[in-house]
Amino acid sequence: YCEYDNDINNVATYGRLYNWYSVNDSRNIAPAGWHVPSDAEWQTLVDYLGGNTIAGGKMKEAGTAHWISPNTGATNESGFSGLPSGYREKSGNYLHVGNYADFWSSTEFSGYLARNHLLAYNSSEIYANGNDYYKQGGFSVRCVKDVEENTVTDIDGNIYQTVTIGT
């Protein structure tokens with residue numbers, strides 16, 4: 001992992017940036033009971049929030065305390081509180097803090113590319129499909145909680161066992 005611009009002071013606001021290899025390392029970057037979401041799991045969230053064209057705005061922190069203006073469509077309606085942490089190119093250059101938030105998925109695209117999801121200051125869209133980047137690059141990571149098979153979680157976080165009735 002690394003800090004944007006190799007500046008430890010950026011960690012408190014933006015967190016760290018990780019290459020894709022750390023996302024899929026057998027030592028597991030996620031805490032116990034959590035995992036880095038696949039591309040399909042990201043899409044489930046995006047669909048729940050109304051689709052690619054508006055989900056990004058619902059996932060971004062509102063206002064311009066961290067995002068540059070205009071921070072289009074930002075409402076943080078989802079509670080995701082996405083911040084524009086920028087990214088690290090595979091060459092080691094740091095770019096776009098304040099402009100973009102890039103998040104890895106656990107989904108590999110090819111031998112040298114993996115899927116990521118992008119929030120932008122000038123759009124309410126989340127850019128996902130076909131958004132692949134070099135695995136050596138540094139992006140943010142969000143983890144999702146593991147869910148046991150045959151369970152459902154309600155809006156308050158209560159987990160219920162499901163049963164099948166009939167055939």
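Okay, let's start with the largest pocket, and keep in mind that this is a predicted model. The lining of this pocket takes in 26 residues, and the ones nearest its centre are Leu-45, Val-144, Lys-145, Val-147 and Thr-153. Its volume comes out at about 1200 Å³. Which elements supply at least two residues each to that lining? They are H3, strand S8 (144–145) and S9. H3 gives the most, with 5 residues. If you sort the lining by class, you get 13 nonpolar, 7 charged and 6 polar residues.

There's also the second largest pocket, at about 160 Å³. Among the residues lining this one are Tyr-14, Arg-16, Tyr-18, Leu-83, Phe-103 and Val-141. Its lining splits into 5 nonpolar, 5 polar and 2 charged residues.

Now, back to H3. Find it on your screen: it's the helix running 39–48. Which of its residues are buried? Asp-39, Trp-42, Gln-43 and Val-46 are. Look down the axis of H3 and those buried residues fall within an arc of 100 degrees, so they line one face of the helix. Turn to the face pointing away from that buried side and you'll find Ala-40, Thr-44 and Tyr-48, which are exposed. And what do the buried residues pack against? H4, S4, strand S5 (113–120) and strand S6 (126–127). After H3 comes Gly-50, with a positive phi, near 110 degrees.

That takes us to the largest nonpolar core. It has 12 residues, including Trp-42 and Val-46 from the helix we just looked at, plus Met-59, Trp-67, Phe-80, Phe-103 and Tyr-121. Helix H3, helix H4 (52–59) and strand S4 (100–108) are the elements that give two or more residues to this core. A second core, separate from that one, has 9 residues, Trp-20, Val-36, Tyr-87 and Ala-114 among them.

Phe-103 is a nice one to click on. We met Phe-103 in the lining of the second largest pocket, and Phe-103 is in the largest core too. Skipping neighbours within four places in sequence, its contacts include Trp-42, Phe-80 and Leu-119, and also Ser-140, Val-141 and Arg-142.

Let's go through a few single residues. Lys-58 sits in helix H4. Is Lys-58 buried or exposed? Buried: its relative accessible area is 17%, and the cut-off for buried is under 20%. Leaving out residues up to four places away in sequence, Lys-58 touches Leu-49, Gly-73, Thr-75, Asn-76, Glu-77, Ser-78 and Gly-79.

Next, two asparagines. Asn-99 is in the loop between strand S3 (94–95) and S4, and at 15% relative accessibility, Asn-99 counts as buried. Beyond its neighbours within four places in sequence, Asn-99 is in contact with Trp-67, Ile-68, Pro-84, Leu-119, Ala-120 and Tyr-121. Asn-158 lies in the loop between strand S9 (151–153) and strand S10 (159–161). With a relative accessible area of 35%, Asn-158 is partly exposed. Set aside the neighbours within four places in sequence, and Asn-158 is in contact with Val-152 and Thr-153.

Last thing: distances, C-alpha to C-alpha. Asn-99 and Ala-65 are 34 residues apart in sequence and 12 Å apart in space. Asn-158 and Ser-123 are 35 residues apart in sequence, and their distance in space is 34 Å. Try drawing both pairs on the structure above.

Notes:
Residues are numbered from 1 along each chain as its sequence is written. This is a predicted model: local features need pLDDT of at least 70, side-chain atom pairs count only at pLDDT 80 or more; totals for chains, interfaces and linings use all residues. Side-chain values use heavy atoms; hydrogens and water are left out. A nonpolar core is a set of buried Ala, Val, Leu, Ile, Met, Phe, Trp, Tyr and Cys residues joined through side-chain atoms within 4.5 Å. Buried means under 20% relative accessible area, exposed over 50%, partly exposed in between (1.4 Å probe, protein chains only). Helices (H or I, at least four residues) and strands (E, at least two) are DSSP runs, numbered from the N terminus. Contact means heavy atoms within 4.5 Å. The arc is that of the directions from the helix axis to the C-beta atoms. On a 1 Å grid over the protein atoms alone, a cavity is a set of points where a 1.4 Å probe fits but cannot get out, and a pocket is an open set with protein on both sides within 12 Å along at least five of seven lines; lining residues have an atom within 4 Å of a point. Grid points are joined across faces, edges and corners, and a volume is the space filled by probe spheres set on the points. Ala, Val, Leu, Ile, Met, Phe, Trp, Tyr, Cys and Pro count as nonpolar, Asp, Glu, Lys and Arg as charged, and the others, Gly among them, as polar.
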